[in-house]
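Colleague: Before I set anything up, could you take me through this fold step by step, reasoning from the coordinates to each value or name?

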Amino acid sequence: MSKQYQFKLVLLGESAVGKSSLVLRFVKDQFDDYRESTIGAAFLTQTVTIDDQTTVKFEIWDTAGQERYKSLAPMYYRNANCAVVVYDITQSSSLEKARTWIRELQRQADPNIVIALCGNKTDLAARRQVTQDEAKKYAEEEGLMWAETSAKSGEGVTEVFTAIAKKLPSVASPAARPGAGTRTGPGARQGVDLNKQAGTQGQNENCNC
């Protein structure tokens, strides 16, 4: 019997780190150099096939990064099963902002939420300000997933969401049984660390998935 899961996923991070571009690449395999800033939040869905019998549908809330929309964030991460907190590898300040979002999630989101820290814009590696070691160390200390991506080239994007999808069903609560909705309860335990699976064959070297 095939298994179908549905999970609520929220993207958080400073404005212009590429959250919307990541989602566009994941959902439509497209990239827009001149994408306008998100107002409030955007909603998209995408399904990931884990194997012949298992599929995961993500309900994705892509939140605006501007400070004036910050007060709206709790309505989007409330009851979320997982969160992708994005920073720009060329802007050290964006990692600090990501840390702020992660602390907020740890305090106010469901205690079982799975959090992935994602460094975007690897296509601009020549302008890198955030080292992999710095981000990985922080992720390890906080028990987070960690990966680097490029929404522009597509590098690592599918791997991030697929890795999350693979983790969530195996640790799902009764509220997220196959075919169940996810808005009424948690879906996964926090602290799944992709770094522990680094080097797996077939995975992007920058995505410890």
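Modeller: Gladly, with the reminder that this is a predicted model.

Colleague: How many helices and strands does the chain have, and in what order do its elements run?

Modeller: The chain holds five helices and six strands. Read from the N terminus on, these elements follow one another as β-α-β-β-α-β-α-β-α-β-α.

Colleague: In what order do the strands stand in the sheet, and which strands are at the edges?

Modeller: The six strands form an open sheet of mixed pairing, in the order β2-β3-β1-β4-β5-β6. Each of the two edge strands has a single partner strand, so one side of each is left without a neighbour in the sheet. From one strand to the next the twist averages 25 degrees. The edge strands are β2 (41–51) and β6 (145–148).

Colleague: In which sense do β4 and β5 pair, and which residue of β5 is the bridge partner of Val 85?

Modeller: The pairing of β4 with β5 is in the parallel sense and extends over seven bridges. Within β5, the bridge partner of Val 85 is Leu 117.

Colleague: What is the hand of the crossover from β5 to β6?

Modeller: β5 and β6 run parallel and are joined by four bridges, and Ala 116 has Met 145 as its bridge partner in β6. Between β5 and β6 the chain passes through α4, and this β-α-β crossover is right-handed.

Colleague: Are the faces of β6 covered or open, and which residues show it?

Modeller: In a regular strand the side chains alternate between the two faces of the sheet, so each face has to be examined separately. For β6 both faces are covered, since the residues on either side are all buried: Met 145 and Ala 147 on one side, and on the other Trp 146 and Glu 148.

Colleague: Does the length of α3 agree or disagree with what its number of residues predicts?

Modeller: Helix α3 covers residues 92–108, and at 1.5 Å a residue its 17 residues should span 24 Å. The C-alpha atoms at its ends are 25 Å apart, which agrees.

Colleague: Which elements do the buried residues of α3 pack against, and what angle does α3 make with β4?

Modeller: The buried residues of α3 include Leu 95, Trp 101, Ile 102 and Leu 105, as well as charged-type names such as Lys 97 and Arg 99. Together the buried residues pack against β1 (3–13), α2 (73–77), β4 (82–88), β5 (114–120) and α4 (132–142). On the sheet, α3 touches β1, β4 and β5, and its direction makes with that of β4 an angle of about 165 degrees.

Colleague: How many residues of α1 are buried, and which strands does α1 lie across?

Modeller: The buried residues of α1 (residues 19–28) are Lys 19, Ser 20, Ser 21, Leu 22, Val 23, Leu 24, Arg 25 and Phe 26. That is eight of the ten, so α1 is largely enclosed by the rest of the structure. Running at about 155 degrees to β3 (54–63), helix α1 lies across β1, β2, β3, β4 and β5.

Colleague: Which residue follows α1 with a positive phi, and is that residue buried or exposed?

Modeller: The residue is Asp 29, with phi near 55 degrees, a positive value although Asp 29 is not a glycine. Asp 29 lies in the loop between α1 and β2. Since its relative accessibility is 54%, and the cut-off is over 50%, Asp 29 counts as exposed.

Colleague: What is the phi of Asn 79, and how does its accessibility classify it?

Modeller: Asn 79 lies in the loop between α2 and β4, and its phi is near 65 degrees, a positive value in a residue other than glycine. With a relative accessibility of 30%, Asn 79 counts as partly exposed.

Colleague: Which residues does Val 10 touch, and how far is its C-alpha atom from that of Asn 79?

Modeller: Val 10 lies in strand β1 and is buried, with a relative accessible area of 0%. Leaving aside residues up to four places away in sequence, Val 10 touches Trp 61, Thr 63, Tyr 76, Tyr 77, Ala 80, Cys 82, Ala 83 and Val 84. Asn 79 is 69 residues apart from Val 10 along the chain, and their C-alpha atoms are separated by 10.0 Å.

How values were computed. Residues are numbered from 1 along each chain as its sequence is written. This is a predicted model: local features need pLDDT of at least 70, side-chain atom pairs count only at pLDDT 80 or more; totals for chains, interfaces and linings use all residues. Side-chain values use heavy atoms; hydrogens and water are left out. The expected span of a helix is 1.5 Å times one less than its number of residues. Buried means under 20% relative accessible area, exposed over 50%, partly exposed in between (1.4 Å probe, protein chains only). Contact means heavy atoms within 4.5 Å. Two strands pair if DSSP finds at least two bridges between them. Axes are lines fitted to C-alpha atoms, for helices over the stretch in contact, and angles run from 0 to 180 degrees between N-to-C directions. A crossover is right-handed if, with the strands pointing away from the viewer, the path from the first strand over the helix to the second runs clockwise.
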